[in-house]
Structure formats: structure tokens, C-alpha cells
Amino acid sequence: MDKKKFHPRTWFSFTKRFNKWGMITTATLILGLFFFLIMMDNVQTETYEIERFSRAKETIRSPVTIENKQETERKTRETVQAVEDRYNIDQEITDEQIAYITEIFDAITKLEEELKTSEQNKGDKETAPISEQEKVQQLKQILSADIQKGVSDDLLSQLIQVPKEERDEGKAFFLDVVSDTLNNGVRTENTQSAISNVQQEIKYSDLDADMKEVLTRLSEFAVVENSFFDVDKTSTARKEAASNVEPVVIRAGEIIVREGQVITNEVYEKLDLVGVLDKERNFVPGIGLALLVLLIASAIAHEMNWLSKKDRLDMAKTIAIVVISMMTIALMKIVSIYTTQVNQLFYIMPIATGALLMKQLIHERSAVIFSTLFAILGSVIFNHQIPGSLNVEVGIYFMLSQLAAIFFLRNVKDRLALMKAGVGIAMVNIMTVLLFIFLSFEKYALGDMWIPLSFAAASAFLSAVLTIGLLPYFEAALGILSDIKLLQLSSPNHPLLKKLLTEAPGTYHHSVMVANLSEAACESVGANGLLARVGAYYHDLGKTVRPHYFIENQLAIRNPHDFIEPKESAKIIISHPYDGAEMLKKHRLPKEIIDIAKQHHGTSLLKYFYFKDKEQNDDVEEAIYRYPGPKPQTKEAAIISICDSVEAAVRSLQEPTEQKIEEIVASIIEDKLIDGQFNECPITLQELNKIQQTTCSTVKGIFHSRIQYPMKEAK
């Protein structure tokens, strides 16, 4: 059997990994289930028990956008039926009728000219005058056969009797009227109405009464059918009209029936069409919501896994992520209940609170990730409970507000930094609201614009106030260390730092130097530089119990260790990390600071007293001169342990040259690495190399060479 399989370190790694994934899985499942339940009614179609011809107990809106095909077909049918038949006007018939009229008048004029010429040729010979009947017969001989059939002899006789001047005037008028009528088209069914129209024109003209009578009778011959039904054109027109019919669509949010209105057959069919009477279709939106929640939960799990790899995730931070997420989404849901398309209360939602808390308590990257997820969830929660729709305006507003919070929360020195960030959030919120107003087609009065703008400013103010109010509760209840808390602890006015300064001034100066080195080294590898600085301030607090037993506090006195046994000296020195941890616990400092104080020496060997004792006793036990531990568990603790040793070693040099500094830093890191002091913290060899380079640069800047001024010679 392979014994390596059951190696304690392997088992520890497996247990730690199992605990990590158990924690992440539990948190993700809780949040996923919570999100699903919160948003269920935003995607679920509400159903109603409704009977035909009853009265609606409440106003019902359509939950979906859907085409009413039955209504579209009815509208198309009515449109097609409304299309008039298309006719073709036969221009040949029009020209033929105009030619007949012209022929009649021209023939009469020609007949009169011939009769006049004939009388002149006869001279004084007496002859009987030609009768009207003979004139008509002569006229018919030169007229077309169609005219002879269509125009009676009586009408021709009456037309011959009209004087030429009146006949010419009547001809011109009659041709214009008939031409206009025929060009407009005369169909079978409106032939009589066309003739009547021509006769009305004649009746109200300025012609002589006799001419009017003749033309009135002639109109029955002149006006004939010349417009005929065109099957192809009519069919094409109807098809075009049908294609231009817009589908009848019931829009999401459209009122189907109002409270108290009778449920007619038409209304009932609409209700059935949009699905509010069909309970069997309600599981479909739930599947879509489940897929959305699954994607969001996957993103959350991925982010929490990233935090765990960076050693920035523990049970307290996991609980904080769950509580902040649930609090933000629950607050969204409450605001959405009172939000309508008119009041737009979502502008006042303090959405940036979650982003501010995430950045302070977890990590900036996590704040960005969760801000994106909150914006997506907000676009669903504020969809006015219309399944399948997303409120994009809400999503954009929430996203920009949260990103502004993350961006403006920089250089945190105190809680006023949150209020300053609130001012930046307010500016972005107001600009976003103005963006929506100016991009919309609606016209806003100046007075109406103040309401959403004031909501946007109030959202930023509430976000800052809520963050300031909630942050101490997270810090106290979960023991999470925020930058603001660290800044408070770094104040020189803190009682413990005052105690360190007054009782062990050398140690205080040493701690400040270690803090400077540790912060620079941490920032070079992406660790928490502020945590390292504050941890370094307190890491040697235990030396205040017996300050004179530590060399940095031995000013103008003999070393007390010269008068006691090495074992006693080792006991005093080794106890200071744990004395300090007890003092920190008593004053309720954060666990991270206590751990740094306890771990900064790990299980390293107190070499000076060990070898001193070994000179007298070869059988000395090494364990007596080793710190009990634990070894550094975090990057910050490991870096402080390095910088603590480096600062003490370099300070002891008589002339700290660059080469000596580099050699000391390299040897200290190498010794700790070989001694296994970094085995339990997530630090890599590459990071140790960066730490070495950064520490060397910083130490060289602190312990730089100085000019030795010549002493004044005594006279």
C-alpha cells in the first residue's frame, strides 16, 4: 500500500479543499434558491378563475406580447373587402364617341354649305325649297351607320334648325363635357348617372334653350360604357392591401379587462390567448428563471473559488457575501412592489450599498462581479411582473451606480471616505437619469425632472449612510477586518500603541520600521499591505511585559541576559508573541492582528541562546529553543516574519552596505524557507523572490550610508 497516500499533509490539504468547496457550494445553493424564490412572480404568469359574462374582480394585464391571429385575419378580411374593383378605361371607345359628335356637327355644317352653293347655282330659277325631312335624309347619307342607328331623325332635324353660331358654341361645350365624363370612365352600373351628370352640366350652361334641348337628347347617344372590370388589377390590389395589414398584437402590460368590466366572449378569448387562464403553461418561465439563476450561481461560485485561492475567503466572508447579496436583492424586491411605470421609485434604491460593502469587506474584484449580477437581477425584479421582459433602464442605472461606488471609494483614511464616495455616486446617478430623459421621446417639464433627479441623489446619500451604519455590524458580528477598521487601529492614539511607545520605545521604532518594510513587500505580491502595516505595529506588543530583556530597549544598561541561564532567556524571549496575543485578545482586536502577533516567529529556532547553551551542554534539546508556533498561515504573516528578522539584522550592522543588505535579506529568506516556516501559507517561490527584491530596495532607502563629519580637534 502506498504510504504517501495517507500522509498527514495530504490529508490536511484534502480536508481543507473539501471544507472550502462545501462552504462555497452551501453559500451558492442558498443564494440561488433565494434568488429563484424572489424572482418567481416576476416571470410567472398569474392565472385567474374567470367565467364568461361575469364581471372582472380586478384589472388584468397581458403578461406577454402575442399576436391575436383571429383579430388579424378579421382585419385583413375587412381590408380586402374594402378594396374597390379595378377597371380599365377603353380609350378607343372614348375617341370613337368624340369622333361621332364631331362628325354630326361637321356633317350639318357641310350640308348647309352644299345647300347654299346649290341655291346660288340655280340663280333666278324658281324651285321648291328643300324640306326638313329631305335635309335629314341627305345628312344621314354622309353620316356613319352607328350615328344613323343611335340618333333619331327628329333629333337631327332639331339640330339642323339651330343657327350655326349657337351650334358651334354648343359643339365646343358639349365636346368638353362628354370628353371629361368619358375620361373618368363610365361603367355599366353608372351609365345613367353619367348621362345625368352631363345633362346637369348642359342645364346650367349659358347656351340657348333650343341648343340645351338638343344637346340633352344627344347626350344619351354620346355617353356610353367605356370602363370594364380588370380581374388582374383587382386581384393585385387586394393582395397588396392584405400584405399591408399590420398584425394585431397584444402587448405585454396592455390592459385586457378592467375591474368591474363584463367578460365578453371577445375579452375571454383574449384572456385565453395570453395564457392567464391556462395553468399548464406556467412552468415554462420557471425553467428560464432556473437557467438564469444557474448562470448567476456559477459566476458566484467561480468568484468565491478565486477568493479562496487568493486566501481571501473564510466562513465569515462567505456569510458576509450571502448576507449582503440577500439584503440587496430583498431591498430591490421591496422597492419594486411600490414602483410603477409612472413613479420610477427604482431611482431611489440604494443599490451602491452592496458594492461599497463588498469592496470594504471582501475584495474590489468581487465588488465588480457582484455589481454586475445585482444589475442583471434588478432588471428582472423591476420588470413590472411582465414575464419575458427585462427592464434595461434599471439594469444600466444599477450597474453605473455600483461601478461609481467602487471607483470613487479610494484612499480610504476614515469613514468620511464613504461620504466622499457618495458625492461621486450622486453625480453619476444624476448624469444617468439625465441620459435617460434626453434619450427618450417624451417631453419633460422642468418641474417633472426634479423628481427623478432628487431620487438619484437620495440613492447615493442612502447608500453611503447605510454602508457607514452596517459596516461596524459586519466587522463586529463576523469579525471581518475592513480598511476603515485597520486605519482606526493604525492611529498612534490607540491605547496599545501608546503603551508600546512609552514602555518599549525601541520596540515601537522597530515595529514602525517593520511596518514600512512589510507594506511595501505585500503590495509587490498583491497581499494586503494595510493589514501588514497594522499587524506589524502590534506584532511585538508582548515585549512590553519585560521590555528590558530585548536589546532595542536596552539603553545605557547592561544586558539582563548576561545574568541568567540561556534557558531562562529563551523562555522570556519566546513568550513575547503569546503575551502580545493575549493582550490583543483582551482588548478585542481583530483575529487577523492577533494571528500575526502569534505567528510572526512561527516555529523558528532561537539560535543565539541555543548555541550559547550548547557550548555548555551538548545534549541540549533544540525544541526548548524553538517557538511553539503556529507557523505563518497567511502571506501577510510570512512577510512580517521576514521583515522582522531583516530589520533587526540590518540594524545590527556597523556599516550597512548594499552588498551586505542583499546578503542578509537573501540568507534570512533562505533560512526560513529551509526551516519550513512557509509550509503552511500560500506563498510561492516567485513571490519570495519579489519580496526579497522589494525588501532590499526599501531597506537600502532606510539604512542608507551617511557622510561621516570630521570631529573637531581639541586644542
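This report describes selected helix contacts, enclosed spaces, buried residues and backbone features of a predicted model.

Residues are numbered from 1 along each chain as its sequence is written, and side-chain values use heavy atoms, with hydrogens and water left out. Because the model is predicted, local features need pLDDT of at least 70 and side-chain atom pairs count only at pLDDT 80 or more, while totals for chains, interfaces and linings use all residues.

## Helix 4 and helix 6

Helices (H or I, at least four residues) and strands (E, at least two) are DSSP runs, numbered from the N terminus. Helix 4 covers residues 132-142 and helix 6 covers residues 153-160; their axes are 9 Å apart and the packing angle is about 105°. Axes here are lines fitted to C-alpha atoms, for helices over the stretch in contact, and angles run from 0 to 180 degrees between N-to-C directions. The two helices are therefore roughly perpendicular to each other. The cut-offs are under 35 degrees for roughly parallel, over 145 for roughly antiparallel and 65 to 115 for roughly perpendicular, with the rest oblique.

On the side of helix 4, the contact is made by E132, Q133, K135, V136, Q137, L139 and K140, which meet D153, L156, S157 and I160 of helix 6. Contact means heavy atoms within 4.5 Å. By class, the residues of this contact are four nonpolar, three polar and four charged. Nonpolar covers Ala, Val, Leu, Ile, Met, Phe, Trp, Tyr, Cys and Pro; charged covers Asp, Glu, Lys and Arg; the others, Gly among them, count as polar.

## Pocket and cavity

On a 1 Å grid over the protein atoms alone, a cavity is a set of points where a 1.4 Å probe fits but cannot get out, and a pocket is an open set with protein on both sides within 12 Å along at least five of seven lines; lining residues have an atom within 4 Å of a point. Grid points are joined across faces, edges and corners, and a volume is the space filled by probe spheres set on the points.

The second largest pocket holds about 1200 Å³ of space. It is lined by 34 residues, of which H601, L606, Y608, S645 and A648 are the closest to its centre. Helix 23 (566-586), helix 25 (607-616), helix 26 (635-651) and helix 27 (658-674) each supply at least two lining residues. Helix 26 gives the largest share, five residues. The lining of this pocket has twelve nonpolar, eleven polar and eleven charged residues.

The whole structure has one cavity of 30 Å³ or more, and the volume of the largest cavity is about 30 Å³. Its lining consists of Q599, H600, H601, G602, P632, S641, K672 and Q677. One of these residues is nonpolar, six are polar and one is charged.

Q599 is also one of the buried residues of helix 24 (residues 591-599), together with I593, I594, I596 and A597. The cover over these buried residues includes helix 19 (483-489), helix 22 (529-538), helix 23 and helix 26.

## Single residues

Buried means under 20% relative accessible area, exposed over 50% and partly exposed in between (1.4 Å probe, protein chains only). The table lists four residues with their elements and accessibility.

| Residue | Element | Relative accessibility |
|---|---|---|
| C522 | helix 21 (residues 505-524) | 0%, buried |
| I101 | helix 3 (residues 91-122) | 0%, buried |
| M449 | helix 18 (residues 446-478) | 13%, buried |
| F53 | loop between helix 1 (8-43) and strand 1 (60-61) | 56%, exposed |

Leaving out residues up to four places away in sequence, C522 touches A527, N528, G529, A532, E636 and I639. E636 is 114 residues from C522 along the chain, with 6.6 Å between their C-alpha atoms. With the same exclusion of residues up to four places away, I101 touches F174, L175, V178 and A222. The C-alpha atoms of I101 and V178, which are 77 residues apart along the chain, are separated by 9.4 Å. M449 and K75 are 374 residues apart in sequence and 41 Å apart in space, C-alpha to C-alpha.

## Backbone features

Most residues other than glycine have a negative phi, and most peptide bonds are trans. F53 has a positive phi, near 65°. Q344, likewise not a glycine, has a positive phi of about 50° and sits in the loop between helix 13 (315-337) and helix 14 (352-361). The peptide bond from G629 to P630 is cis, with omega near 5°; P630 belongs to the loop between helix 25 and helix 26.
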